[in-house]
Structures are given as structure tokens and as C-alpha cells.
Amino acid sequence: MQIWIDADACPAATKEILYRAAKRIKCNLILVANQRLRTPNSPFIHTVQVDAGADAADDYINKNIDKGDLVITADLPLAARVIEKGAFALNPRGEFYESENIRQILSIRNFMEDLRLSGIETSGPPPYNAKDREAFANALHRFLENTFWK
């Protein structure tokens, strides 16, 4: 199993949790972004810089993941693709996307996007906070405990 991060929009606090986890469990952590990233020096932490483009990082992750890998992303279309390939998708707020909920979540996202395109103002997600960071750390720990250490 490898852990992949859709790193362009991933909060720094989430990355820090993942850096520590990768070192502790000795698992490859791959950050994919269209910009250069600074990461701690570790044989388990790797970066991939892709070309600029809205879906370049998403496409790279989707092409290279294996069944059972974990992908950290808030990008719903990427999460849907990840799930279709038999991998796991976890957002930085600690919510797992699963085959049972991803279609509904995508439908709501598309509906909200249609509202915005028609001129209706909608609010985005609230700012990332300590509660989100804790929820992510707990979800990651449970996942690793149930998947990696079994």
C-alpha cells in the first residue's frame, strides 16, 4: 500500500500528519502537485511535479494508484475515479469517500456548481481548523490500524 496526496490544495497541517505517519509505519507517501514542494528528508516521502493544468495531478494519481492504495484528496471527481479502481479516498477533513456515498456527494457538488454558474451565490467550505485536523488524524489512524497493521 502507498499513500498518495493530491497536494496542490492539501492543507499543510494534513501533510504534516501524513509525513509523521509515513515515517512511523515506513510506508511510501507520494505528493503530486503542479508546483515544486518542500518535504522532510525521508526515504518514504516522495514528490512528483506534474505539468500545469487543472487535472494533471489527478490524472497522474489515477494512472499510478493500485488497488488498496490510499488517496488524500478533497477533489470529488478524483475520489470517484480512485474508488472505481479499488483504492481508498479520504479528504483532509477526515471523511472517507466510498462507493455508497460518492455519487450523492458528486450530485450535490454538481447542483451547487450549476447554482453558481446561474449567478446564485453559494458559500464554500468553512476554513480548515483544529477540529478538521483532529478528525483527519483519527480517520487516518483508524484506517492504518485496520488496513496496514492487520
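In this predicted model, Arg81 and Asp59 form a salt bridge whose closest N and O atoms are 3.0 Å apart. The pair links distant parts of the chain, with Arg81 in helix H3 (residues 76-84) and Asp59 in helix H2 (residues 56-64), 22 residues apart. Both partners have some access to the surroundings: Arg81 is partly exposed, with a relative accessible area of 27%, and Asp59 is likewise partly exposed, at 38%.

The structure holds 2 salt bridges, and the other partners to look for are Arg93 and Asp132, whose closest N and O atoms are 2.6 Å apart. Arg93 sits in the loop between strand S5 (88-90) and strand S6 (96-97), while Asp132 belongs to helix H5 (residues 130-148), so this salt bridge ties together parts that are 39 residues apart in sequence. Arg93 is partly exposed, its relative accessible area being 28%. Asp132, in contrast, has a relative accessibility of 12% and counts as buried, because the limit for that class is under 20%.

Thr73 offers another site to inspect, in the loop between strand S4 (70-72) and H3. With a relative accessibility of 1%, Thr73 is buried. Its side chain is joined to that of Asp6 by a polar contact of 3.0 Å. A polar atom of the Thr73 side chain also lies 2.9 Å from the backbone nitrogen of Asp75. Leaving aside residues up to four places away in sequence, Thr73 touches Asp6, Leu78, Ala79, Leu90, Asn91, Pro92 and Tyr97. Asp6 thus appears both as a polar partner of Thr73 and among the residues that Thr73 touches.

Terms used
Residues numbered from 1 in each chain as written. Predicted model: local features only at pLDDT ≥ 70, side-chain atom pairs only at ≥ 80, totals over all residues. Heavy atoms only, no water. Salt bridge = Lys/Arg side-chain N within 4 Å of Asp/Glu carboxyl O. Helix = DSSP H or I, 4+ residues; strand = E, 2+ residues; numbered from the N terminus. Buried < 20%, exposed > 50% of the residue type's maximum accessible area, 1.4 Å probe, protein only. Polar contact = N/O pair within 3.5 Å; in protein donor to acceptor, adjacent residues only side chain to side chain. Contact = heavy atoms within 4.5 Å.
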